[in-house]
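Thank you all for coming; today I would like to walk you through one protein, beginning with its overall form and then turning to a few residues. Please have a look at it before I go on.

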Amino acid sequence: MAVPRHKTSKMKKRQRRSHDALSPVAHSTCPRCNAEKRPHRVCGNCGHYKGVEKIKTAEA
Ligand SMILES: [Zn+2]
């Protein structure tokens, strides 16, 4: 197996890891109940997506 000849410098390590940050989770509001939800997902509060009830919830 190949063995590195030189220790990776702090600068090279930090340059490599500059792309490793996680991006914040995207969110939007439900047009029906205004609860916060993720885009392109059924609303977890009212169970609706594009005006149609997709899952049964206790509310509504
Ligand atoms: Zn909703």
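I will start with the whole chain and then move to a lysine and two cysteines.

Please keep in mind that what you see is a predicted model. The protein has one helix and four strands, and, if you read along the sequence, they follow the pattern α-β-β-β-β. The radius of gyration is 23 Å, well over the 10 Å that the globule rule gives for 60 residues, so the protein is more spread out than a compact globule. Taken along the principal axes, the C-alpha atoms fill a box of roughly 65 × 25 × 20 Å. Buried residues make up 12% of the 60 residues, and, among contacts with a separation of 6 or more, 2% join residues 24 or more positions apart.

Now to lysine 37, which lies in strand S2, residues 36–37. Lysine 37 is buried and yet has no salt bridge, since the nearest side chain of opposite charge, that of glutamate 36, is 11 Å away. What does the side chain of lysine 37 reach at 3.0 Å? That partner is the backbone oxygen of arginine 41. Beyond its neighbours within four places in sequence, lysine 37 is in contact with several residues, including His27, Thr29, Cys43 and Tyr49.

Finally, the cysteines: cysteine 46 is buried, because its relative accessible area is 0%, whereas cysteine 33, at 26% relative accessibility, counts as partly exposed. With a disulfide taken as a pair of cysteine sulfur atoms within 2.5 Å, the count in this model comes to zero.

Key. Residues are numbered from 1 along each chain as its sequence is written. This is a predicted model: local features need pLDDT of at least 70, side-chain atom pairs count only at pLDDT 80 or more; totals for chains, interfaces and linings use all residues. Side-chain values use heavy atoms; hydrogens and water are left out. Buried means under 20% relative accessible area, exposed over 50%, partly exposed in between (1.4 Å probe, protein chains only). Helices (H or I, at least four residues) and strands (E, at least two) are DSSP runs, numbered from the N terminus. Lys and Arg count as positive and Asp and Glu as negative; His and the chain ends are not counted. A salt bridge is a side-chain nitrogen of Lys or Arg within 4 Å of a carboxyl oxygen of Asp or Glu. A polar contact is a pair of N or O atoms within 3.5 Å; within protein, one must be able to donate a hydrogen and the other to accept it, and residues adjacent in sequence count only if both atoms are side-chain atoms. Contact means heavy atoms within 4.5 Å. The radius of gyration is taken over C-alpha atoms; the globule rule is 2.2 Å times the number of residues to the power 0.38.
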